[in-house]
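Dear colleague,

Please find below the structure that I am handing over to you. A summary of what was found in it follows.

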There are 2 protein chains.
Amino acid sequence: MTDASTLVREKLDQVPAILDEHGVDLWLTFVHETMLTPDPCLDLVVGTSCTWQSAFLLSRSGERIAIVGRFDAPGVEQVGAYPEIVMYDESVRPVLKETIERLDPDTIALNYSASDPAADGLTHGLWLVLRETLEGTPYADRLVSSGQVVGSLRGRKSSFEIERIRAAIGETEEIFALVREQIGPGRKETEIAAVFHDEVSRRGLGYAWEAGQCPAVDTGPEKEVGHTGPTELQTRPGVLLHTDFGVLKDGYCSDLQRMWYLLDEGESEPPGDVIAAWDAVWASMDAGAAVLRPGVQGHAVDAAARASLVAAGYDEPMHALGHQLGRAAHDGGTLLAPLWDRYGDSPRGLVEEGHVYTLEYGAQVPGRGYIGLEEDVLVTADGLEWLSAPQRELWLVG
Amino acid sequence: MTDASTLVREKLDQVPAILDEHGVDLWLTFVHETMLTPDPCLDLVVGTSCTWQSAFLLSRSGERIAIVGRFDAPGVEQVGAYPEIVMYDESVRPVLKETIERLDPDTIALNYSASDPAADGLTHGLWLVLRETLEGTPYADRLVSSGQVVGSLRGRKSSFEIERIRAAIGETEEIFALVREQIGPGRKETEIAAVFHDEVSRRGLGYAWEAGQCPAVDTGPEKEVGHTGPTELQTRPGVLLHTDFGVLKDGYCSDLQRMWYLLDEGESEPPGDVIAAWDAVWASMDAGAAVLRPGVQGHAVDAAARASLVAAGYDEPMHALGHQLGRAAHDGGTLLAPLWDRYGDSPRGLVEEGHVYTLEYGAQVPGRGYIGLEEDVLVTADGLEWLSAPQRELWLVG
């Protein structure tokens, strides 16, 4: 049995209790051509790609039924997670309708969510197919969002998953240590990124996000920090160097930011403005960490950190304090974020034991660049465990 | 300028005429967290990933407007394809609504389609966000599918795109030639797949589909052929070896099937049943190729091939004769497929000059295995050009 199918079986074992908890009778994942439009739930509960319209039905009472096209069936059989595989040739609709009628659910959860992209894998085209398939049956009016189900299932990491995340973080920290030795003045952002890329290739790893922006490398104050690639800007004395990097190892991600300061002539430590910002960003992250525990809402964690940083005189960060981490770098579910419209309901979600979050905040230091910190933490029964070794001191060069 | 942004600009230049042709005033691509839920149109008209809710508006009169979150803006700027980039922090909705009101379109095409997965990138969650955003405006009732727009844009390959596809096919044929030298009796399917994988890594290529099923390797008659990975089954004299393989090179795919027959003791050529099936499959592919030209409907091409194979006494293939090929192995739009429900309207689409298709059919030979042929062709003004060098003879071993 491959690791992929072990992981799928482990997550599938969690499903019935989670459906029961959220009052859902049937959870339906409905996909087509998943190389083009991959539902993020496929990695969790299917473990292979599908070409034709394919339906995966998981019931509160533990049934697992796959309805797939003839040529997709062997791949689904190979994973071995679905005891009942129904094969079709010309149309998925009749057998899908029959199967739903047989299970007779009061609620059918589908993968759509305005708040949580990780629970929003159902395309609108397939939603129309489903509506038409169920038209005239009572089930057409029993469709609900699987947002909470997916949030619980992705969020509650098994010990096997946590070990995977630890391993990804371990590789990332080793790569940072290698890069650290090579930082000096006059290095282009693109050259620094190439050191990361070579090491990722050598280790046979993947990237936690788009390789062109992984790592992000930002040197000095000239650049707008964001989701962008490295440029020809060069490191120089008296400025900061910021990096944001994560790997994908055995299906799980890391996501860390690390910081350098290049000492100027005559300096033996960073200047006061840099130290003050560093301390303020860390104080705000610690303020968030102090309230991160099971049962709190995500926005309360962000609010503690945000208040701390703003009280210290820095701009309010225009992003969340943290997101969940797992199969994806942005793993969905509860967010440690302010109650802004674009986050939808995600910041109202509860923090639970077994969730893995990033904690990431930052501040601009005029004339020096951007200080961005990011660590990865596991929520425990009464607080958190740092999965990464926190960078409590700036890395100094020169 | 990178090749990626060259390609995006080239496709964007095609957009206004295509919108005009299909009577669409505004085409809106609306996405979030595209690492989780990538709209296949992003590669064509955006060229980077997005984290926050992001809207890309292309108008019939040539306007190109991106509405993106603060941290996504630098990445979109870096591609350089959108002259107007509007940045937001807390909510995309007010500025999206204002922008649509300013453009005042009679029709707004969105990326949903029940028939064409390549035009079905809009998630149902984001469709709900859009509906709510436009509620109370006349635009809420002007939403249509972008299926035909996307079909035309993806389908009509530029000369630059065709060169990319040729290059991917060239690599694939070189790899098949290398593998060909290594085929003998007693090779496991997994070992044969490993030869392909090593060569893909050595050349720095990607896979046209999931690596675990690319190549598909099927030896002998024991296995159900489909989208599945290689097994421990071994090649042996007197049986067929079937492979289905494609690479991703510089953003474009190839997709070819190649066949071996392992001569049995005393044989100097394949037995009669194998030769008959080979000839029948080729005759059916040629029957399809003979009617493939601009202006015919996809199902007519499939029907010609299907009738030929069935008339020769073989089972009707339970799949399409061909799909388009480009950025994706299954590139959407018009399909050379029967009028089965699961294909929706795609087989009714017209074949156009500049389309690139696979032609792929197959037959079981009892006791020997599966004969599957697949070539890649370009539709020209009056017929087709073979982009791959057709395998007109079985490759014999022993």
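In chain B, β3(B), α3(B) and β4(B) form a right-handed β-α-β unit; right-handed here means that, with the strands pointing away from the viewer, the path from the first strand over the helix to the second runs clockwise. Helices (H or I, at least four residues) and strands (E, at least two) are DSSP runs, numbered from the N terminus.

This is a predicted model, in which local features need pLDDT of at least 70 and side-chain atom pairs count only at pLDDT 80 or more, while totals for chains, interfaces and linings use all residues. Residues are numbered from 1 along each chain as its sequence is written, and chains are lettered from A and ligands numbered from 1 in the order in which they are written.

Within the unit, β3 (residues 64–69) and β4 (residues 84–88) of chain B pair in the parallel sense over 5 bridges; strands count as paired if DSSP finds at least two bridges between them. Opposite B:I67 stands B:V86 of β4(B).

Helix α10 (residues 298–311) of chain B has 14 residues, which at 1.5 Å a residue should span 20 Å, and its end C-alpha atoms are indeed 20 Å apart. The expected span is 1.5 Å times one less than the number of residues. Of the 14 residues of α10(B), 10 are buried, among them B:H299, B:D302 and B:R306. A residue is buried if 20 or more other C-beta atoms, placed from the backbone, lie within 10 Å of its own. The cover over these buried residues includes α9 (272–291) and β13 (356–365) of chain B. After α10(B) comes B:G313, with a positive phi near 95°.

Chain A contains 10 helices and 16 strands. Buried residues account for 56% of its 398 residues. Its radius of gyration, taken over C-alpha atoms, is 23 Å, which agrees with the value near 21 Å for a compact globule of 398 residues; the globule rule is 2.2 Å times the number of residues to the power 0.38.

Finally, the contact between the chains takes 52 residues from chain B and 52 residues from chain A, where two residues are in contact if their C-beta atoms, placed from the backbone, lie within 7 Å. On the side of chain B that touches chain A, α3 (73–79) and α5 (124–134) each supply at least two residues. The largest share there, 5 residues, comes from α5(B).

Yours sincerely

Definitions and conventions. A residue is buried if 20 or more other C-beta atoms lie within 10 Å of its own, exposed if 12 or fewer, and partly exposed in between; C-beta atoms are placed from the backbone.
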